[in-house]
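Reader: I'd enjoy a close look at a single part of this model. Please pick one helix, take me through it residue by residue where you can, and then show me what surrounds it.

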Amino acid sequence: MLANIVTDLTDKLDEFSSNWWFLLVIFAVALLDSVIPVVPSETTVIIGGVAAGQGNQSIAMVIFAGAFGAFFGDNLAYTIGDKFKGTVQRWAARKPSRQIRLDGAGRQIRKRGGMLLITARFIPGGRTILTVSSGVTSQPRTWFVAWIALATTIWASYAGLLGYLFGQTFENNHTLAFWLAFATALGITGLIELVRWLRERRNHAAA
């Protein structure tokens, strides 16, 4: 069922990928996916990368469109969280367990810093939760913007180059592109978390 939906969607996107305005589609999907994680934006950027590998798009513009759209989308998610933080805080104050979870989320974001934002960018849905939570917990906006700029650039580069370098493999198998993007995202997330854990362990040992 899911595979059929992914195949139908990516086939439809692939029909338009050689048009110049497909860059606008990449931008729009990346933006919307940051707020409403329904369509995996990785797949759209990969398709753009495949088109670039065939000479129908510029890989630099594909990466730029994906990163720019994701950057605006993540900042929109932060703004939504910031706008409704009063409501969330009042809701959390009604029950101690809610307040504990909310406070814990804020501490985790402050403790793990920008690497957490980079990690979350590779998790569909997870990035939305974290960016909204950053607004709700009043993380510094300048700090957030700087790390999100880095996170979205890394994310768009990986997805675009994946399609650009392995376009022939994905050209007739878009479902493979989707699952490979998802598996790669999980792998990168796991690697980042492993590095963070090793650093924390080393710091504790030194202390």
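Author: Here is some background on the model, followed by the helix and its surroundings.

This is a predicted model, in which local features need pLDDT of at least 70 and side-chain atom pairs count only at pLDDT 80 or more, while totals for chains, interfaces and linings use all residues. Residues are numbered from 1 along each chain as its sequence is written, and side-chain values use heavy atoms, with hydrogens and water left out.

The mean pLDDT (the predictor's confidence in each residue, from 0 to 100) of the chain is 80, with 83% of residues at 70 or more. Confidence is lowest in helix α1 (residues 2-16), where the mean is 55, and highest in α4, where the mean is 94. The secondary structure consists of 10 helices and 0 strands; these are DSSP runs numbered from the N terminus, with at least four residues of H or I for a helix and at least two of E for a strand.

Let's settle on α3. This helix covers residues 41-53, 13 residues in total. From its first C-alpha to its last it reaches 19 Å, close to the 18 Å expected at 1.5 Å a residue; that expected span is 1.5 Å times one less than the number of residues. Just after the helix, Gly 55 adopts a positive phi of about 85 degrees.

How many of the 13 residues of α3 are buried? The count is 12, so α3 is mostly covered; buried means under 20% relative accessible area, exposed means over 50%, and partly exposed lies in between (1.4 Å probe, protein chains only). The buried residues run from Ser 41, Glu 42, Thr 43 and Thr 44 through Val 45, Ile 46 and Ile 47 to Gly 48, Gly 49, Val 50, Ala 51 and Ala 52. For the chain as a whole, 41% of the 207 residues count as buried.

Val 45 leads us from the helix into its surroundings. In the largest nonpolar core, which has 24 residues, Val 45 is among those that touch the most other members, together with Ile 26, Val 62, Trp 155 and Tyr 158. Such a core is a set of buried Ala, Val, Leu, Ile, Met, Phe, Trp, Tyr and Cys residues joined through side-chain atoms within 4.5 Å. At least two residues of this core come from each of α2 (22-35), α3, α4 (59-83) and α8 (141-165).

Trp 155 is a good place to see α3 from the other side. Apart from residues up to four places away in sequence, Trp 155 touches Ser 41, Glu 42 and Val 45 of α3, and its partners also include Ala 30, Gly 66, Ala 70, Arg 121, Phe 122 and Arg 127. Contact here means heavy atoms within 4.5 Å. Among contacts in the chain with a separation of 6 or more, residues 24 or more positions apart account for 77%.

Ala 51 offers another link. Its C-alpha is 9.7 Å in space from that of Phe 16, a residue 35 places away in sequence. Phe 16 lies in helix α1 and is partly exposed, with 32% relative accessibility. Beyond its neighbours within four places in sequence, Phe 16 is in contact with Trp 21 and Phe 22.

Elsewhere in the model there are 7 aromatic pairs: rings of Phe, Tyr and Trp (its six-membered ring) pair if their centres lie within 6.5 Å, and planes under 30 degrees apart are stacked, over 60 edge-to-face and the rest tilted. One of them joins Phe 27 and Phe 68 in a tilted arrangement, 6.1 Å centre to centre with 45 degrees between the planes. That pair links distant parts of the chain, since Phe 27 sits in α2 and Phe 68 in α4, 41 residues apart. Phe 68 also pairs edge-to-face with Phe 72, at 4.8 Å centre to centre and 85 degrees between the planes. Being 4 residues apart in α4, Phe 68 and Phe 72 are separated by about one helical turn. Phe 27 is partly exposed at 25%, as are Phe 68 at 36% and Phe 72 at 39%. Phe 27, Phe 64, Phe 68, Phe 71 and Phe 72 form one aromatic cluster.
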